[in-house]
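Hi everyone, thanks for coming. Let me put the structure up on the screen, and then we'll walk through it together.

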2 protein chains.
Amino acid sequence: MSEFAAPSSRARIRRLPDRAAYDADTIAAILDAGVVGHLGFVVDDQPYVVPVLHARVGTAIYLHGSRASRAMRVLGAGAPACLTVTHLDGFVLARSAFHHSVNYRSVVVLGRAVALTEPAEKMAALEAFMERVTPGRWAEVRPPDARELKATAVLRMDLGEASAKLRTGSPHDDEGDLGGSAWAGVIPIRTVAGPPDAAPDLAPGIAPSAAVRTLLARFGAERGD
Amino acid sequence: MSEFAAPSSRARIRRLPDRAAYDADTIAAILDAGVVGHLGFVVDDQPYVVPVLHARVGTAIYLHGSRASRAMRVLGAGAPACLTVTHLDGFVLARSAFHHSVNYRSVVVLGRAVALTEPAEKMAALEAFMERVTPGRWAEVRPPDARELKATAVLRMDLGEASAKLRTGSPHDDEGDLGGSAWAGVIPIRTVAGPPDAAPDLAPGIAPSAAVRTLLARFGAERGD
């Protein structure tokens, strides 16, 4: 994968720069590990932040939604946008209230979106989208028809102005607090999936498919016991 | 808890209004179930979305951060803000690509923040903050000293313009797709915590405290087996 651009002035991380990363692999890995992002846009000076699904392909990130949604309309018209993807990895418990923190990984993408208009291009993006979230699923289901495709807005944002910020590891306590009696350390946090809950109208005898099993494996399926 | 205000025009949910909720209990439950929110603000027409920790107390929500952080400075100066908290609850796999979805709960809070200035008020807010995320922890650790308190910005946002949006349940497939061979249903998603990872510099013989065990229980601690 090609490198993203060097951080622009406004994409540069100012606070705690030792937690910053701008390399393409780190940014891609954080984006790819997530499913839900938070998309910011502005209407009448008021910022709005809405949850969206996202999928990275190379140095672009795709978003989609109803053509009727305000976020899709505003962004499709070229308004400045910000997409942020965050993973909470753990609670950091220190001996002092002040040094409590969380371990996390986040990426902030600044830029303007471009709305895809060609049906074939939209179809390819939706396939890539589904394959990123649920590999193998596209071939298992009915693809969008012309009406569905028309009702769906697909946006592309470039990762040129992207930056990552993360914290890992143990608490950093002040020297004077180390002799205290409080427990200190990290409580790791992770997301797990499963078990599958079949639709009530699913025909008898249809087991979870290969794509479903792949999705479960991606999110470390919970044991059934 | 008192009721929040009726939705303002700009807080009203336009798309898929059957997924909307404005009642205080629903909004409070979604906020309280989350730890990380996404805060939107605007600088030079560019929206920024940054992850923040949040804690609700009554009909207010508290945020905190370094006094030096841009988000705290911009919001503390009274800029329009948006705080969004989202939980991903499951992947909704339908027989058609178009009807794939996710189950989620989200709350969007619009408004302007107020920066707390009185040290006693800030201290009380920080205690409330820690107690919401990690009940019992405040009494176990060293509280902030005057320097730490001064370095910490604490903001309060009112929940007057808050709305919730959520999706639950099975996929909604088109009649004509029900006879297909694809598996359909929901893959539930949840967050789990643990096991605790003690700090390398923790003195021997200090076991995870009551607050740590409470935090683990809140997030359904993983089995160690």
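Of the 225 residues in chain A, 43% count as buried. Keep in mind that this is a predicted model. The C-alpha trace of chain A spans about 65 × 50 × 35 Å along its principal axes, and its secondary structure comes to 5 helices and 10 strands. As for how the chain meets itself, take the contacts between residues at least 6 apart in sequence: 75% of those join residues at least 24 apart.

Now please find helix 3 of chain A, residues 119-133. With 15 residues at 1.5 Å a residue, it should span 21 Å, and its end C-alpha atoms are indeed 21 Å apart, so the two agree.

Which residues of this helix are buried? They are A:Lys122, A:Ala125, A:Leu126, A:Phe129 and A:Met130. These cover an arc of only 130° around the axis, so they sit on the same side of helix 3. Turn to the face pointing away from that buried side, and you'll meet the exposed residues A:Ala120 and A:Glu121. And what covers the buried ones? Strand 3 (46-57), strand 4 (60-66), helix 4 (146-151) and strand 7 (152-158) of chain A are among the elements that do.

Finally, let's bring in chain B. A rotation of 180°, with 0.0 Å of shift along its axis, superposes chain B on chain A with an RMSD of 0.0 Å. That is the relation of a two-fold axis. In chain B, the C-alpha nearest that axis belongs to B:Thr191, 2.2 Å from it. The same surface serves both copies, too: 99% of the contact residues of chain B recur in chain A.

Terms used: Residues numbered from 1 in each chain as written. Chains lettered and ligands numbered in written order. Predicted model: local features only at pLDDT ≥ 70, side-chain atom pairs only at ≥ 80, totals over all residues. Helix = DSSP H or I, 4+ residues; strand = E, 2+ residues; numbered from the N terminus. Expected span 1.5 Å × (residues − 1). Buried ≥ 20, exposed ≤ 12 C-beta atoms within 10 Å, placed from the backbone. Arc of directions from axis to C-beta. Contact = placed C-beta atoms within 7 Å. Least-squares fit on C-alpha atoms with pLDDT ≥ 70 in both.
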